[in-house]
Amino acid sequence: MNVLHRGKGLYRLGELARLAGHTESSARRSVDRLVRRRWLARVGKGWYANLLRREGPPTVEEVAAVIYPPAYISLSSILFAEGVVDQAPQLLTCVTTNNTKRFATELGEIRYHQVKQALFFGYTLEQGVPRARAEKAALDFVYLELRSGRSPRLDEWSWEGLDTDLLWNWAARYPSTVAALFREHIEPRE
């Protein structure tokens with residue numbers, strides 16, 4: 001228990017086995033007991049959240065950063081956090097180059113949306129968590145909505161906090177339909 005109290009937020013099964021000095025198969029039984037006691041929580045295939053950590057359990061953002069790499073937080077999660085939209089998402093939204101996938105964890109639900117490798121950019125690490133810039137989240141959102149056959153409504157977005165020069169620069173990497181939708185709401189600078 002002391003090891004967990006002083007330990008990190010997320011562990012792979014193999015790490016827990018080494019900490020306990022067990023094989024992975026015997027560690028699996030021990031980990032199952034720790035999950036039942038609510039000392040650990042399963043958050044992905046082979047990943048466990050340390051619920052006893054002194055600093056508190058890991059955030060769902062920390063979990064999202066490790067269970068399905070490569071990925072960064074984007075879309076509605078960033079747009080809401082940056083004040084571009086006022087409706088809070090019910091789950092954490094991420095972008096990945098992997099297949100689209102959803103994880104339901106005890107710490108929260110995470111949805112990963114696939115983009116092609118050429119569109120996997122525009123994020124920074126903040127306390128170890130990859131987060132899209134607001135401009136990139138806006139582009140990702142519109143791109144994925146259009147790709148799904150939906151036309152996103154941008155008339156209620158707050159545009160003041162966005163760097164429109166950066167948005168237009170990055171929009172050139174997306175299909176022209178993405179820029180066309182933005183053009184209805186903000187003017188590109190010449």
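Q: Which residues of α7 count as buried?
A: T164, L166, L167, W168, W170 and A171 do. Bear in mind that this is a predicted model. Each of them has the buried label because its relative accessible area is under 20%.

Q: What makes helix α7 "mostly covered"?
A: It's a simple tally: α7 runs over residues 164-171, and six of its eight residues are buried.

Q: What do the buried residues of α7 pack against?
A: They pack against α6 and α8, the latter being residues 176-183.

Q: How do you know whether R102 and E109 form a salt bridge?
A: Look at the distance between the closest N and O atoms, which is 3.0 Å. The cut-off is a Lys or Arg side-chain nitrogen within 4 Å of an Asp or Glu carboxyl oxygen, so R102 and E109 qualify.

Q: Why is R102 put in its exposure class?
A: R102 has 46% relative accessibility. Buried stops at 20% and exposed starts over 50%, so R102 counts as partly exposed. Its partner E109 is partly exposed too, with a relative accessible area of 28%.

Q: What makes K136 and D140 a salt-bridge pair?
A: The N to O distance between their side chains is 2.5 Å. The limit is 4 Å, so the pair passes.

Q: Why are K136 and D140 separated by about one helical turn?
A: Because both sit in helix α6, four residues apart. An α-helix has 3.6 residues a turn, so residues three or four places apart point the same way.

Q: Are K136 and D140 buried or exposed?
A: Both K136 and D140 are buried, so each has under 20% relative accessible area.

Q: What makes R150 and E145 a salt bridge, and which exposure class does each partner fall into?
A: Their side chains come to 3.0 Å, N to O, which is within the 4 Å limit, so this is a salt bridge. As for exposure, R150 has 45% relative accessibility and counts as partly exposed. E145 has 17%, which is under the 20% line, so E145 is buried.

Q: How many salt bridges does a search of the whole structure find?
A: Eleven. Some link up further: R53, E55 and E62 are joined in a network of salt bridges.

Q: Which residues lie nearest the centre of the largest pocket?
A: L75, S76, T93, F141 and E145 do, out of 26 lining residues. A lining residue needs an atom within 4 Å of a pocket point, so these 26 residues meet that test. The space inside comes to about 630 Å³.

Q: Which helix gives the most to the lining of the largest pocket?
A: That's α6, with four residues. α5 (75-81), β7 (108-114) and α6 (134-147) each supply at least two residues.

Q: How do the residues lining the largest pocket divide by type?
A: There are ten nonpolar, seven polar and nine charged residues. Only Asp, Glu, Lys and Arg count as charged, so the nine charged lining residues come from those four types.

Q: What is the volume of the second largest pocket?
A: About 290 Å³. Of its 15 lining residues, L4, L16, A20, S30 and L34 are the closest to the centre. The largest share of the lining, five residues, comes from α3. By type, the lining divides into eleven nonpolar, two polar and two charged residues.

Q: Which residues have the most contacts inside the largest nonpolar core?
A: I67, I110, Y112, W157 and F182, in a core of 53 residues. α6 provides the largest share of this core, eight residues. A core is made of buried residues, so each of the five has under 20% relative accessible area. In soluble globular proteins, nonpolar side chains tend to be buried together.

Q: What is Y112 in contact with, leaving aside its neighbours within four places in sequence?
A: The list is V63, A64, I67, Y68, A71, C94, T96, T100, K101 and F103. Contact means heavy atoms within 4.5 Å, so each of these residues has an atom that close to Y112.

Key:
Residues numbered from 1 in each chain as written. Predicted model: local features only at pLDDT ≥ 70, side-chain atom pairs only at ≥ 80, totals over all residues. Heavy atoms only, no water. 1 Å grid on protein atoms, 1.4 Å probe; cavity = no way out; pocket = protein on both sides within 12 Å on 5 of 7 lines; lining within 4 Å. Points joined across faces, edges and corners; volume = space filled by probe spheres on them. Core = buried A, V, L, I, M, F, W, Y, C linked by side-chain atoms within 4.5 Å. Buried < 20%, exposed > 50% of the residue type's maximum accessible area, 1.4 Å probe, protein only.
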